[in-house]
Protein chains: 2
Amino acid sequence: MSKANKTAISPRRDENYSEWYQQVIRGAELAEPSPVRGCMVIKPWGYTLWENIQRVLDGMFKETGHENAYFPLFIPMSFLEKEAQHVEGFAKECAVVTHHRLEMGPDGKLHPAGPLEEPLVVRPTSETIIGAMFAKWVQSYRDLPLLINQWANVVRWEMRPRMFLRTAEFLWQEGHTVHATEAEAWEETAQMLGVYAKFAEEYLAMPVLQGEKTESERFPGAVSTYCIEALMQDRKALQAGTSHFLGRNFSQASEIKFLNDQGQLEYAWTTSWGVSTRLIGGLLMTHSDDNGLVLPPRLAPRQVVILPVLTKGANEEAVFASCRELAGQLAEARVDGQPVRVQVDAREMRGGEKMWSWVRKGVPLRVEIGPREIEEGVVSLGRRDRETKDRQTMTRGELVATVADLLEDVQKSLYERALAFRKEYTRVIDDLGEFTAFFTPENPEQPEIHGGFALAHWNGDRAVEAKLNDELGVTIRCIPFEDDPEPGRCLFTGEPSRQRVVFAKSY
Amino acid sequence: MSKANKTAISPRRDENYSEWYQQVIRGAELAEPSPVRGCMVIKPWGYTLWENIQRVLDGMFKETGHENAYFPLFIPMSFLEKEAQHVEGFAKECAVVTHHRLEMGPDGKLHPAGPLEEPLVVRPTSETIIGAMFAKWVQSYRDLPLLINQWANVVRWEMRPRMFLRTAEFLWQEGHTVHATEAEAWEETAQMLGVYAKFAEEYLAMPVLQGEKTESERFPGAVSTYCIEALMQDRKALQAGTSHFLGRNFSQASEIKFLNDQGQLEYAWTTSWGVSTRLIGGLLMTHSDDNGLVLPPRLAPRQVVILPVLTKGANEEAVFASCRELAGQLAEARVDGQPVRVQVDAREMRGGEKMWSWVRKGVPLRVEIGPREIEEGVVSLGRRDRETKDRQTMTRGELVATVADLLEDVQKSLYERALAFRKEYTRVIDDLGEFTAFFTPENPEQPEIHGGFALAHWNGDRAVEAKLNDELGVTIRCIPFEDDPEPGRCLFTGEPSRQRVVFAKSY
């Protein structure tokens, strides 16, 4: 695999992007399909990544005053009916529980038994069940704001599942908040989008555009949906997180009312916001290359792997001991306030095979130590953001002293590379022919890789959006937040436009 | 509520124990019933307690070499059929998903639509779905041991739910491991029971008996079930954690085979082990009193609460500033390696009401500071393990210097009190009349509170167990691990017995 032109992942991105994506997941042992339709199994390497994502986000939620709680997996069918838009948005993809036991039939097989009076829906999102509880918890303005988050699994039936991006069951967090005033609910909506953008850029090293969704892309039941959008390496957009201003729609559906400081009863204002294991798909498609996963150091399950080089006749125990000693020293350093995560790989395996397994897993730094390095007091260092062959020799002391900086440098270089990529494929477009060409495959052998973010004017009409989606498979990803929007003429109708919006093909 | 004989929780334990249990949960805002039958909502105070339990246990699992992963919520019905005992054990309490969407009917109501070819069961436990994955992951003895844990929600339909103790949905962890040898699988089973016992005693401050279940109380499909059993204040036993040696039952059902180091294909040996949110019910019934929850400091969401005392004419800002300063100093101290968790309660609320709210929530230390205390440089300290009126005055410096010791002292006193209680209600019994009397309410006005652990001889016969269960509602909680078992004669049949076993009524 170390031969020129041979890559650790096959096919390469430019050969078959979708298959490359699956093979990166497989090669890194992030996850795999399960025998249950549309559901994946998250393997330890993928789950540890999720734990790191959770730890950081959870800290950010708590810093902004939120507390975690847990609400039922099941939602009575009648609850979903309460908000008309909401039920319309989710009815087509709900797993429905209709029975509460199994019975062995005369055919020697199990059959559902014990029909439920009212079917239960496995939560696709929890606005309605949480709303029912909030209606009890909120009585007076003194109970507000109510700032709750839940880490949970949700189910949205998927006909075309894709690991991490679209699975029937996925893991996520959903924030749900209640406020006394409209202004405060808007502030919360914006604040949490800011938290997501900060996390995406500083931890996932994934640059994101922030903006508002158009009406047709809104969360079902929301007054407004804010979102972060990232550009993947096939130049498709990925919606990576959303924050919804729900107005009074759900407080009216669930009767969340409070006595204001004037003693009057009024409906409260609510928000909800969420990110999911989809972030792992986004991270993957932002940084990975034809040798596999590339992990941003701040979230990597292991940041440094130490590979003992056992040449013939080497004193194995001495090499292992030297590796373990170095691991201990490296773990004293801190990245983002956490001890550096180091592993000595003592598996019995050929050296090349072992090294490539860590390349495919995306570990930021690989350190090789053999008898020669021990004698000279040095290490051989490989960075995952550089060519595999490109190694540096440095003293052990130097590595220990600079490991935190090296990791932050990898983090920074990944972000900058992704930002440069996004710049390269972001186009301001004022010509309809150019727009169409931008979203048409240039190379018929690479039909998957084309497009990018197109910034163009739009008249605000849903019909225009629908037509573009039908004809080019392009949607408006967001109306970007702009301090100083530039008005113009709609590219498609010539009608007035307040500002440019972001068009892209998307996941 | 501070009047003599008046308690913060009504009814008292001796008036109506079951209702007292519900009221402690309500008073502490741990959880509440939901509109979904059998499912509870875990409120922030209860969920933070669960997060602390998770953090400590997760650390213990990782120290013993386990990694976390995540498997599907749904299990195809046919998977459950693979292990005969297993399906028999769980078929009666499975939530069954039969449809994958909802449709609006002509009656204007939603109806399940899109019937599934094969119904899916919401996992009641994951041996079968995890087994199907392990069968792929395990090929050779080099892949073993495989040591996986999952934090997840599970569903077991409950006709008589009780918050934390028996709910349709609950949160838990389930460990699943695969081993090359029988001996290693037995060692794992014992090791994880040891982890649970250590956690129960050192963190929950809940003394536990360790032993093996009898055949009739075994996990469905296990060869042997090890358990920890604790004694609640109504003298009923609570099974608080189990660790199962599964032999080759599940590896045969799921075809988990490996090439051993002789190149022969053989079935692997598996274990599974779990604890759940039930631990919170156990903690509650071990320590709480008629004023509400009493929390062991190591797991308390807040360990110290600072209550500003705002007497008339006090300089409020000065009092708050002084409280915040103290909070900062206390947070520098460490308990169990973690910063002391302190909160200043600045809510607008009468002082007495505020203090009692923290008593009901079980916070280990309450510190009151008013203008007088500030002037004298002292604080007034109340411990949750002592009478509410029993307060100590000490200098601020003294409190800062000793807060960690004080918290460890509360932790220790709770454990010792619980141990003394268990000793008081553990009886060695060799007389059948005494056995019957022990499990018969002494006081007809307190039918709920009686019994305890009875150590008696038993001939090993299931029929004897069944009869005792029918007649007295008593079961064998465990066959305790004994280095030097004392043989004797079965109390019920006179037949030989290898050792005494533990009888109790139970949750």
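## A sheet in chain B, and how the two chains meet

Let's start inside chain B of this predicted model, with an open, mixed sheet whose five strands come in the order β18-β15-β19-β20-β21. The edges belong to β18 (342–344) and β21 (391–395) of chain B; each has a single partner strand, so one side of each lacks a neighbour in the sheet. Going from one strand to the next, the twist averages 25 degrees.

Take a look at the β18 edge. Strand β15 (residues 304–308) of chain B runs parallel to β18(B), and three bridges join the pair. One residue to find there is Val304(B), whose bridge partner in β18(B) is Val342(B). Packed on the sheet is helix α10 (residues 351–361) of chain B, which touches β15 and β19 (365–369) of chain B. The direction of α10 makes about 175 degrees with that of β15(B).

Now zoom out to both chains. A turn of 180 degrees, with a shift of 0.0 Å along the axis, lays chain B on chain A with an RMSD of 0.0 Å. The two copies are thus related as by a two-fold rotation axis. In chain B, Val97(B) has the C-alpha nearest that axis, 2.1 Å away. Both copies use the same surface, with 100% of the contact residues of chain B recurring in chain A.

So what does the contact take from each chain? It's 48 residues from chain B and 48 residues from chain A. On the chain B side, strand β5 (residues 96–104) gives the most, with eight residues. By class, that side has 33 nonpolar, six polar and nine charged residues. The β5 strands also pair across the chains: β5 of chain A and β5(B) run antiparallel, joined by three bridges. Here His99(A) stands opposite Val96(B).

Notes:
Residues numbered from 1 in each chain as written. Chains lettered and ligands numbered in written order. Predicted model: local features only at pLDDT ≥ 70, side-chain atom pairs only at ≥ 80, totals over all residues. Least-squares fit on C-alpha atoms with pLDDT ≥ 70 in both. Contact = placed C-beta atoms within 7 Å. Helix = DSSP H or I, 4+ residues; strand = E, 2+ residues; numbered from the N terminus. Nonpolar A, V, L, I, M, F, W, Y, C, P; charged D, E, K, R; others polar. Pairing = 2+ DSSP bridges. Axes fitted to C-alpha atoms, helices over the stretch in contact; angles between N-to-C directions.
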